[in-house]
Amino acid sequence: MAKKITGLAIMPRVSRNGVFYFPQELAKFDGVTVPLRYNHDQSAEGIIGTATFTFDAEKGQVRYEAEITDQKFQSYIDDHLFQVSIGASVEKENQICHPEGKGCFEAPILSAPTELSIVETPGIPESTLVVIEKICPSLEFPQEFEQFVNGIEIITSDKEINSSLLMTNETPIEKIEVTEKVEQIDTSKIVDEVVEKIQSSNEKTIKAVISEIKEAWIPKSEVSETANKRLEEKFTDEDAKSFLDRVFENGYGRLKIDKEGWIQAHTIPVNTANGQVQEAISTSGTIPGTITTTDISIQYGSKTSKPVRQFGQYQSIPTGQSAARFYKITVPNAGAITESPTTDITAVTHTLTSVDVTCAVRGWRQTVEKSELENFPGAFLNALRETARFEAMRDEHKLIVQDLAATDHDFGGTTTAPYHISGSDGSAVTTATLEDACGEFDEDGLSFAKRYLEELGQDTSPGNLIAFISPRAFESLMTASGLTQYTMIGNANVTRLGQLEMIYGIDIMVTNELLTNANAWRNLVCVKGKSWALASQRDMELELQKTIAGQYWDIVWTHRIGVDILDANTYVIVSSIQA
């Protein structure tokens with residue numbers, strides 16, 4: 001069980017997140033103690049210990065030493081490969097650019113470090129994690145062995161006992177020598193008797209003690225980068241067969257699956273406001289760590305496997321409840337105040353509004369032949385569990401983006417929220433006919449959406465907006481003539497390597513889950529953390545029911561989620577041609 005860890009936290013370089021750290025900024029870490037977290041979890045439960053940074057001025061590096069206080073994680077770290085990631089508050093945004101116009105990087109002026117997180121994929125690949133202190137379980141010694149060790153007074157120096165055989169709970173006894181000559185004592189005979197007594201004691205216990213102590217004193221090597229995560233152990237064929245034997249016997253079975261922890265582990269860390277950097281990354285596209293086997297490989301088809309809950313408001317609902325309540329509040333206008341003993345100041349009030357989101361049961365039913373469960377028990381149960389988790393994440397994604405663009409919120413043009421504009425020129429869309437006439441998506445769709453959100457009073461600073469656009473819209477945006485000329489001059493890699501994850505300060509997410517209407521994709525530009533509310537119950541279930549007549553199994557998967565709009569003034573619908 002790992003108790004204390006150390007290693008390299010960060011160094012002057014460009015991180016995978018495109019952020020460069022000056023040594024002068026890293027010097028601000030020296031001597032600072034911060035919470036130790038897991039995977040940048042900002043909740044109270046996410047704290048698993050404390051960490052103290054040390055700045056190496058000669059190398060310009062920040063090292064750390066941390067103590068893990070969470071007992072569960074002390075055991076968890078022994079069986080997994082981890083590195084570390086820093087979190088820091090930003091005092092001032094800053095950029096550095098290549099003198100020949102070959103690209104720019106963020107180079108923030110840091111205020112102070114705020115955390116150190118244990119992660120699997122860090123923003124700084126060179127970060128390391130080494131266990132320097134482990135907690136060993138208390139070791140039991142046979143009574144005879146303990147009495148013997150504690151009772152030794154004289155052992156001749158011309159016949160040593162193997163040091164690995166003489167160990168107590170605390171210190172190894174390497175050699176005990178005679179300090180003065182003792183007359184008329186046959187020390188060789190004493191030693192032979194001692195050795196024989198050791199060998200005749202409980203050999204299994206002694207070997208276990210030696211092995212355990214030896215293992216505890218071997219430090220854990222530095223770990224390498226990995227993107228795989230297993231929140232639950234895979235079913236082996238033996239485990240699966242044991243589970244299915246009970247299912248076959250009873251004709252019914254139920255498998256409870258953790259959803260929240262799995263989605264959180266596969267969610268890209270996102271800041272909903274400026275002023276923070278977190279140097280851990282996750283892969284996008286297909287889900288990192290999706291469990292596949294040589295027997296069954298999960299096929300995603302045209303479904304989008306990207307979590308989006310981190311861009312809105314979210315609450316996890318415990319079992320037994322079905323709704324979550326969210327709040328929004330207005331900001332009263334300030335005005336001149338005249339002090340008077342006879343006239344009161346005119347009162348204005350905050351308007352506090354609640355939004356109740358009720359979860360509905362969603363899921364699917366499928367039939368599986370009995371032979372498939374019998375022939376591939378472990379692989380099949382693993383695949384079922386992963387497809388259920390994947391569809392739970394995809395279902396949230398689909399409900400969110402389609403509810404934002406649903407018909408009860410559309411055709412507002414540029415006068416009624418949510419605003420609805422054309423992705424080709426930013427003109428108002430107020431009817432289905434106008435939507436059907438929308439052309440290809442280009443940079444005007446983003447720049448006009450940003451402008452209208454600014455006019456509605458939203459903070460559109462870089463990193464505060466997210467755009468959900470269709471694959472066709474992304475393709476036309478990449479090849480738009482105005483944008484291509486701009487990026488080829490400013491940063492050729494945007495078009496040469498397809499690095500268009502952000503433009504005009506707006507994050508881009510490509511998705512197949514958008515709503516379509518009147519031959520148009522309804523793309524979206526949203527303010528992070530403001531547009532929608534999502535409620536979800538933590539667990540989901542797979543139920544299996546045997547049908548004897550057809551020799552097949554009914555498998556039903558269910559989960560409970562609900563979505564609603566928080567503020568129509570915080571997003572814009574941007575339509576573009578579908579086909």
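**Figure 1. Two cysteines in the predicted model.** Cys 526 has a relative accessible area of 0% and is therefore buried, in a structure that is a predicted model. Cys 359, at 13% relative accessibility, also counts as buried, because the cut-off for that class is under 20%. When the whole structure is searched for disulfides, zero are found.

**Figure 2. The salt bridge between Glu 541 and Arg 254**. The structure holds 16 salt bridges, and in this one the closest N and O atoms of Glu 541 and Arg 254 are 3.1 Å apart. The pair links distant parts of the chain, since Glu 541 belongs to strand β23 (residues 539-547) while Arg 254 belongs to strand β10 (residues 252-258), and 287 residues separate them. Arg 254 has a relative accessibility of 46% and so counts as partly exposed.

**Figure 3. The salt bridge between Arg 365 and Asp 554**. Here the two side chains meet with an N to O distance of 2.7 Å, and the pair again links distant parts of the chain: Arg 365 lies in strand β15 (residues 360-369) and Asp 554 in strand β24 (residues 552-565), 189 residues apart. Arg 365 counts as exposed because its relative accessibility is 54%, whereas Asp 554, at 15%, counts as buried. Side chains of opposite charge can pair when their charged atoms come close.

**Figure 4. The salt bridge between Arg 472 and Glu 440, and a separate network of charged residues**. The side chains of Arg 472 and Glu 440 meet in a salt bridge of 2.4 Å, N to O. Arg 472 is in helix α12 (residues 471-478), and Glu 440 is in the loop between α10 (432-436) and α11 (443-455), with the two positions 32 residues apart in a pairing that links distant parts of the chain. Arg 472 is partly exposed, with a relative accessible area of 29%, and Glu 440 likewise counts as partly exposed, at 34% relative accessibility. In the network, salt bridges link Lys 303, Glu 391, Arg 394 and Glu 513.

**Figure 5. Helix α11, its start and the residue position that follows**. At 1.5 Å a residue, the 13 residues of α11 should span 18 Å, and the end C-alpha atoms are 19 Å apart, which agrees with that expectation. At the start of the helix, a side-chain oxygen of Asp 442 reaches to within 2.9 Å of the backbone nitrogen of Asp 444. The buried residues of α11 are Glu 443, Gly 445, Leu 446, Ala 449, Lys 450, Tyr 452 and Leu 453. An α-helix has 3.6 residues a turn, so residues three or four places apart point the same way. After α11 comes Gly 457, which has a positive phi, near 90 degrees.

**Figure 6. Strand β13, with a buried residue and a residue of a surface patch**. Ala 324 is found in strand β13 and is buried, with a relative accessible area of 5%. Although Ala 324 and Ser 536 are 212 residues apart in sequence, their C-alpha atoms are 8.7 Å apart in space. Ile 329 also lies in this strand, which covers residues 323-329, but at 53% relative accessibility Ile 329 counts as exposed. Together with Tyr 327 and Leu 352, Ile 329 makes a nonpolar surface patch of about 350 Å².

How values were computed. Residues numbered from 1 in each chain as written. Predicted model: local features only at pLDDT ≥ 70, side-chain atom pairs only at ≥ 80, totals over all residues. Heavy atoms only, no water. Patch = residues over 30% accessible without salt bridge, like charges linked within 9 Å, V, L, I, M, F, W, Y side chains within 5 Å. Areas by Shrake-Rupley, 256 points an atom, 1.4 Å probe, with all protein chains shown as cover. Salt bridge = Lys/Arg side-chain N within 4 Å of Asp/Glu carboxyl O. Helix = DSSP H or I, 4+ residues; strand = E, 2+ residues; numbered from the N terminus. Buried < 20%, exposed > 50% of the residue type's maximum accessible area, 1.4 Å probe, protein only. Disulfide = S-S within 2.5 Å. Expected span 1.5 Å × (residues − 1). Polar contact = N/O pair within 3.5 Å; in protein donor to acceptor, adjacent residues only side chain to side chain.
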